[in-house]
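Subject: Structure handover

Hello,

Here is the structure we spoke about. Please load it, then read the notes below.

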Amino acid sequence: MLLGTFVPKLDEKGRIILPAKFMDDFAGGVVMTRGQERCIYVFSQREFEDLHERARQAPVTGKKGRDFLRLLLSGAAQEIPDKQHRVTIPAMLRDYAGLDRELTVIGTGNRAEIWDTAAWNAYYASTEAAFADTDEEVIAGLF
């Protein structure tokens, strides 16, 4: 399970060192793609294949499903971490997420997310109070 918050730097070649704690999940390769809120989703190869298989079950006649899959898959890139746990983030994804040198990587259970640190801090500041004040069930059966 991918958990925690990390603050690596983007190097001049567009590479990031993935957190060592994530390497058991990511050793076989990763798939990076557009995430929501302008971050980059990072899935293990296996997790992405499972996601794709589930998504393929959606009817092709549903516009929202088609739109979602088009954006998700057209922005996807496969990478295998090198011995230093580095992967190159494609320029298209760096532009999409507005990445600069300062990054924040968070674990969200089945995936990691890569954020520009300023964007993460703004997102966190805008959503933390609502999280702390939650007084109704947000995820059915969880809380």
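A word on classes before the pocket: Ala, Val, Leu, Ile, Met, Phe, Trp, Tyr, Cys and Pro count as nonpolar, Asp, Glu, Lys and Arg as charged, and the others, including Gly, as polar. Note also that this is a predicted model.

Pocket. By those classes, the second largest pocket is lined by 6 nonpolar, 4 polar and 3 charged residues. Its volume is about 270 Å³. The elements giving two or more residues to this lining are β7 (103–107), β8 (112–116) and α5 (117–132). Of the 13 lining residues, Ile-106, Thr-108, Glu-113, Trp-120 and Tyr-123 lie nearest the centre.

Rings. Trp-120 and Tyr-123 both sit in α5, 3 residues apart, about one turn of the helix. Their rings form a tilted pair, 5.7 Å centre to centre with 35 degrees between the planes. Trp-120 is buried because its relative accessible area, 14%, falls under the 20% cut-off. Tyr-123 is partly exposed, at 31%. Trp-120 also pairs edge-to-face with Trp-115, at 5.4 Å and 65 degrees. Ring pairs join Trp-115, Trp-120, Tyr-123 and Tyr-124 into a cluster.

Cores. The largest nonpolar core has 21 residues. Among those with the most contacts inside it are Phe-26, Ile-40 and Ile-114. Helix α4 gives the most to this core, with 3 residues. A second, separate core has 9 residues, including Tyr-41, Phe-43, Leu-72 and Ile-106. Ile-106 is thus one to look at twice: it is also among the residues nearest the pocket centre.

Best wishes

Technical notes. Residues are numbered from 1 along each chain as its sequence is written. This is a predicted model: local features need pLDDT of at least 70, side-chain atom pairs count only at pLDDT 80 or more; totals for chains, interfaces and linings use all residues. Side-chain values use heavy atoms; hydrogens and water are left out. On a 1 Å grid over the protein atoms alone, a cavity is a set of points where a 1.4 Å probe fits but cannot get out, and a pocket is an open set with protein on both sides within 12 Å along at least five of seven lines; lining residues have an atom within 4 Å of a point. Grid points are joined across faces, edges and corners, and a volume is the space filled by probe spheres set on the points. Helices (H or I, at least four residues) and strands (E, at least two) are DSSP runs, numbered from the N terminus. A nonpolar core is a set of buried Ala, Val, Leu, Ile, Met, Phe, Trp, Tyr and Cys residues joined through side-chain atoms within 4.5 Å. Buried means under 20% relative accessible area, exposed over 50%, partly exposed in between (1.4 Å probe, protein chains only). Rings of Phe, Tyr and Trp (its six-membered ring) pair if their centres lie within 6.5 Å; planes under 30 degrees apart count as stacked, over 60 as edge-to-face and the rest as tilted.
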